[in-house]
Structure formats: structure tokens, C-alpha cells
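Welcome, and thanks for taking a look at this one with us. Please bring up the sequence and the coordinates, and let's walk through a few places together.

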Amino acid sequence: MERLSVSPGPIAIIRTNHPVPDQVFGALVEGGIRLIEITLGTPQCLETIARWLDFGGASVGVGSIRTLADAKQAIEAGAQFLVTPTTQDAILKVSTEAGTPVVCGAMSPTEIDSAWQQGAASVKIFPADSLGKVSYVKSLKGPLPEIRLSPTGGVSVDDAASYAAAGCWGVGVGSNLVSQHTLETRDWEALAARAKDYQRAWAEGVLHRDADQ
């Protein structure tokens, strides 16, 4: 399975009760986002993914994958990666066979290592905001140094910098980036600016990490 070896930094997570306007994709790409996840349950999720595949500038995937059926329909729709909230062997297996990377959700060291050993492209530490945020990540990096971690849950701009400095591969950012208010007001300039804030913070964190090595 492709490991998505290049760090994407912030990963945009879109979860909403309405179809997602195409302008969201453009604003996120303008802000430097390179992975965009639309969660299952968002109306017209798979149709939007299929349409965005032709836009270029970012990879698009499907999140909240919990069952084998979820995984198969997302792969058939052309999803370039999957994101799960938990570690499910069957999902990792079918995704490996299809060559579709999975950012696999896990919490404990055992779950994290298991997901990685089974081929996860990255392991989503979830819910990071309930686990101690960067302090928890730092405690994992010692015994699990090679695993690409992507904390998700309540990630602020400052958190993004801290996670990057701690050596994370990426961070999943949901409503702090793509908020319901932004979608309702259709303020695409503000969305692009917010994305740039996250990318800038991530880059600063990487510089701090590199300086400490």
C-alpha cells in the first residue's frame, strides 16, 4: 500500500449537513492544503469526491469509514485515500488490495502499532484533544519513532505548530478550519486565509523541529 510518504501538514476535514460547494476545494488549495477529506454522512459526499478528482492541486478522500461496505463504495467512487476513526482489519485489507492509502484511527500504543504494521499510510491519533495533545504524541514517539502520526481532534493553529515540532506527519483539522459558519456565509477568502494560517504554523513547527535535531 502507498504510504503517502510526503507529509501533507494540515489535512482538511469537511463534515456538514449540506452538499459541499466546489468553492471549498478552491479555497483550501489556495491556502496550501494538499489532502482534503469529506466524511461519509455529508450529503453527496461520493459525488463531490468524484467531481473534485478532476480539479487538481490536492488529493481528495473519504472519512468516517467504519465498515467494509463503506470502504468499497469510497474506493469505487475514486477516493484517493480513506480515513477511519478506528482500526478495522478488513478495511486495511481491502484498501491494500486496491492500493488506496488509509489514514487509520487509533488511540492506544497497541492500536497504533497494529494499524501501522498492517499498512496504514499514517495513524490518526484520535481523539487527540482528549488524550493530552502534544504531550501524548511525544510519549509515543519514543517507542514508536518511525510511525507517521496524524493527531486529530480540536487542533488549533498553535496546536498544528506544536505537533509539527513534535515530529508528526500531519494533523487532521475539522471545524476549526472548515466551519459551518464559513460554509453558510460562503466566505471563501476567509477559508483560504485560515488554511494559510495552518500551513504557516505547520511550517514554523517543522523549522523548530529541524533546528532541534
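## A glycine in strand β5

Let's begin with G105, which lies in strand β5, residues 102-106. Please keep in mind throughout that this is a predicted model. Is G105 buried or exposed? Its relative accessibility is 1%, and buried means under 20%, so G105 counts as buried.

Who surrounds G105? Not counting residues up to four places away in sequence, G105 touches T84, P85, T86, T87 and K124. One of these partners, P85, is 20 residues from G105 along the chain, yet the two C-alpha atoms are separated by 4.4 Å.

## T16 and its polar partners

Next, have a look at T16, in the loop between β1 (9-14) and α1 (22-30). With a relative accessibility of 7%, T16 counts as buried. Its side chain takes part in a polar contact of 3.3 Å with the side chain of Q180. The T16 side chain also reaches the backbone nitrogen of H18, at 3.4 Å.

Which residues are in contact with T16 once its neighbours within four places in sequence are left aside? They are G41, T42, P43, Q180 and L183.

## Helix α1 against helix α9

Two packed helices are described by the angle between their axes and the distance between the axes. For α1 and helix α9 (residues 188-212), the axes come within 7 Å and cross at roughly 35°. The crossing is right-handed. On the α1 side the contact is made by Q23, V24, A27, L28 and E30, and on the α9 side by W188, L191, A192, A195 and K196. By class, this contact has 7 nonpolar, 1 polar and 2 charged residues.

## Helix α3 against helix α4

A second helix pair is formed by α3 (residues 68-76) and α4 (residues 89-98), whose axes come within 9 Å and cross at roughly 20°. Angles under 35 degrees count as roughly parallel, so α3 is roughly parallel to α4. The crossing of α3 and α4 is right-handed. In α3, the residues L68, A71, K72 and I75 meet A90, I91, V94, S95 and A98 of α4. The residues of this contact divide into 7 nonpolar, 1 polar and 1 charged.

Helix α3 also holds D70. At 16% relative accessibility, D70 counts as buried. Leaving aside neighbours within four places in sequence, D70 is in contact with L40, S64 and I65. For a longer-range reference, D70 and A121 are 51 residues apart in sequence and 18 Å apart in space, C-alpha to C-alpha.

## Backbone details worth a check

Most residues other than glycine have a negative phi, and most peptide bonds are trans. With that in mind, here are some backbone spots to inspect. S64, which is among the contacts of D70, has a positive phi of about 60° although it is not a glycine. S64 lies in the loop between β3 (59-63) and α3.

R186 likewise is not a glycine, and it has a positive phi of about 55°. This residue lies in the loop between α8 (180-185) and α9. At 43% relative accessibility, R186 counts as partly exposed.

Where is the cis peptide bond with omega of about 0°? It joins F126 and P127. P127 is found in the loop between β6 (122-125) and α6 (134-141).

Terms used: Residues numbered from 1 in each chain as written. Predicted model: local features only at pLDDT ≥ 70, side-chain atom pairs only at ≥ 80, totals over all residues. Heavy atoms only, no water. Helix = DSSP H or I, 4+ residues; strand = E, 2+ residues; numbered from the N terminus. Buried < 20%, exposed > 50% of the residue type's maximum accessible area, 1.4 Å probe, protein only. Polar contact = N/O pair within 3.5 Å; in protein donor to acceptor, adjacent residues only side chain to side chain. Contact = heavy atoms within 4.5 Å. Axes fitted to C-alpha atoms, helices over the stretch in contact; angles between N-to-C directions. Parallel < 35°, antiparallel > 145°, perpendicular 65-115°, else oblique. Left-handed = near helix turned anticlockwise from the far one by under 90°. Nonpolar A, V, L, I, M, F, W, Y, C, P; charged D, E, K, R; others polar.
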